[in-house]
Amino acid sequence: MQDAFGHRISYLRVSVTDRCNERCRYCMPEEEQAWFPREEVLGYDEMLRVLRVGATLGIKKVRVTGGEPLTRPGVAEFCADVAAIPGIEQVGISTNGTLLGRLEDGETMAARLVKAGVGSANISLDSLDRESYRRTTSRDLLPKVLEGIDAAIAAGFASLRLNCVLMKHQTEAEMVPLIEYAREKGALLRFIELMPVSTQEVLSEDNFLSAGSALRLVEAHYGALKPLPDFRTNGPATYYEIPGSGQKVGFIGAMTNLHFCEACNKLRLTSDGKLRPCLGSCLEFDLREKLRAGCSDEELAQLIHNVVARKPKEHDFRHNYQPNRRMIAIGG
Ligand code: SAM
Ligand code: SF4
C-alpha cells in the first residue's frame, strides 16, 4: 500500500487497551481518567480480522501497544495469533515494563511473549531515580520495571529498546545514568521529544526539551557523538555513537526534525476500533461499526485503502494541533 505522498505502509500499531496501571504526566494525567466502556473495545478476534486483511495488503510488522497492553488478559495468546498470520514478519510490544516480570505458571510474562513470537520489546523508562519515576508516572513502580527489564533480558527478545520521554528540568539529570544503565543491560536507548498528545499544561514550552538540546547534554559528558545516518530501526529515530564505548543512542525529534515524517510507514488501530493514518493528525476512521455490521473482507480492505489514501504528508503537531484524544487512547 502506498499513500498519495509515496509513504509505503507496512506497519500497524495495535492498541489493545486504553487502560493503564500508571499515570504518566505527558500521557494520562491522573485527573483525566475515563476508560472506554468494555463493549466499545474491540475483541481480539476483531483485531485479528483487521490484521489478517491488513497482511494481505502489505502489513508486515505489528506492534502491540496501549495503554498498557500487559494489563489486558490474554495478550500473550493474542500476540501468538498475530505472529501466526501469514505475511506478518515481525511482532513487537510497547510496554511500561511493570508487568514483564510477573509470573504465571512459573513463567514470566516476558518469557511468554518471546514464546508467542514477539521479537522486540520497547520499554518506557524515564528515570532510574525512584522518586523522580514516581513523580512522572504517579506510581512507585520503578523496582517492578527494573525487574521487568531483567526478565526481558532473560527471556531473550531479539531487540530490546528503552524509551525515555524528554522533559525539561527533569531528564537532564537522568540522561547519563540511563545511558550507562542501557549499556550495562545491552539495550538500545532512545530519547523522545514530548509531543502534544495530552493536556496543554504538561506540554508547555517550559517542559519541552528538544532532541538537539538533549544531544548537546550527552556530548557535554561524553564528547562529540558520531552520527550514524545509515543505522535505522523500524522508526524515525536518528542514532549516534558514543565515543569509546561504541554504544548507540537514539533521538526521536517529532517536533524539531522537519524530515520526521518522510519515511513514515505506519497506521494505528485504536482499541475502540478507529484506524488512524497518523499519530499527529485528528483524522480517524471507524472500523468497529463496519466489523460489527458484518462487512466482508473486501469491504474491509477497501476501507483500509481509503484510510491510507487520506494519510497526510506530515503530522500536524507544529501547526496549532489540538489533541482530540489522549495518547493513551490512541496507542503510542
Ligand atoms: N504503556 C506503554 C508504554 O508506556 O510504553 C505503551 C503505550 S505508551 C502510550 C507508548 C509510548 O508513548 C511510550 O514510550 C511513552 O513514553 C510515549 N508517550 C506517551 N505520551 C507521550 C507524549 N506526550 N510525548 C511523547 N511520547 C509519549
Ligand atoms: Fe501508561 Fe504508557 Fe501512557 Fe505511561 S506512557 S500512562 S505507562 S500508556
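In the legends below, a residue is buried under 20% relative accessible area, exposed over 50% and partly exposed in between (1.4 Å probe, protein chains only). The model is predicted, so local features need pLDDT of at least 70 and side-chain atom pairs count only at pLDDT 80 or more, whereas totals for chains, interfaces and linings use all residues. Residues are numbered from 1 along each chain as its sequence is written, chains are lettered from A and ligands numbered from 1 in the order in which they are written, and side-chain values use heavy atoms, with hydrogens and water left out.

**Salt bridge within helix α6.** R183 and E180 form a salt bridge, with 2.4 Å between their closest N and O atoms; the term stands for a side-chain nitrogen of Lys or Arg within 4 Å of a carboxyl oxygen of Asp or Glu. The two residues lie three apart in helix α6 (residues 175–185), about one turn of the helix. Helices (H or I, at least four residues) and strands (E, at least two) are DSSP runs, numbered from the N terminus. R183 is partly exposed, at 42% relative accessible area, and E180 is also partly exposed, at 26%.

**Salt bridge within helix α4.** In this pair, R134 meets E131 in a salt bridge whose closest N and O atoms are 2.7 Å apart. Both belong to helix α4 (residues 130–137), and because they are three residues apart there, about one helical turn separates them. R134 is partly exposed at 33% relative accessible area, and E131 is partly exposed at 39%.

**Salt bridge of E107 and K115.** Side chains of opposite charge can pair when their charged atoms come close. Here the side chains of E107 and K115 meet with 2.6 Å from N to O. E107 is partly exposed, with a relative accessible area of 23%, whereas K115 is exposed at 65%. The structure holds 15 salt bridges. E77, E104 and R112 are linked by such bridges in a network.

**Surroundings of ligand 1.** The shell around ligand 1 contains 18 residues, and Y26, G67, S124, V165 and M195 come nearest; a residue is near a molecule or strand if one of its heavy atoms lies within 4 Å of it. A polar side-chain atom of S124 lies 2.7 Å from an oxygen atom of ligand 1. Nitrogen atoms of the ligand are approached by backbone N or O atoms, with G67 at 3.0 Å and M195 at 2.8 Å. Taken alone, ligand 1 exposes 540 Å², of which the protein buries 94%. Such areas come from the Shrake-Rupley method with a 1.4 Å probe; for residues, only the protein chains shown count as cover. Strands β3 (90–95) and β7 (159–165) are the elements that give two or more residues to this shell. By class, the shell has seven nonpolar, nine polar and two charged residues. Ala, Val, Leu, Ile, Met, Phe, Trp, Tyr, Cys and Pro count as nonpolar, Asp, Glu, Lys and Arg as charged, and the others, Gly among them, as polar.

**Surroundings of ligand 2.** Eight residues surround ligand 2, and the closest are C20, C24, C27, M28 and N96. Its shell divides into five nonpolar, two polar and one charged residues.

**The open sheet and its edges.** Twelve strands form an open sheet with mixed pairing, in the order β9-β10-β11-β8-β7-β6-β3-β2-β1-β12-β13-β14. Strands β9 and β14 (285–286) are the edges, each pairing on one side only. Two strands pair if DSSP finds at least two bridges between them.

**Strands β9, β10, β11 and β8.** Strand β9 (residues 226–227) pairs with β10 (residues 238–241) in the antiparallel sense over two bridges, and P227 stands opposite Y240 in β10. Strands β10 and β11 (residues 248–252) also run antiparallel, joined by four bridges; the partner of Y239 in β11 is G250. The hairpin of β10 and β11 has six residues between the strands, and G244 takes a positive phi near 90° there. Strand β8 (residues 188–192) pairs with β11 in the parallel sense over four bridges, and I192 has I252 as its bridge partner in β11.

**L267 in strand β12.** L267 belongs to strand β12 (residues 266–269) and is buried, with a relative accessible area of 2%. L267 and A4 are 263 residues apart in sequence, and their C-alpha atoms are 14 Å apart in space.

Notes:
A polar contact is a pair of N or O atoms within 3.5 Å; within protein, one must be able to donate a hydrogen and the other to accept it, and residues adjacent in sequence count only if both atoms are side-chain atoms.
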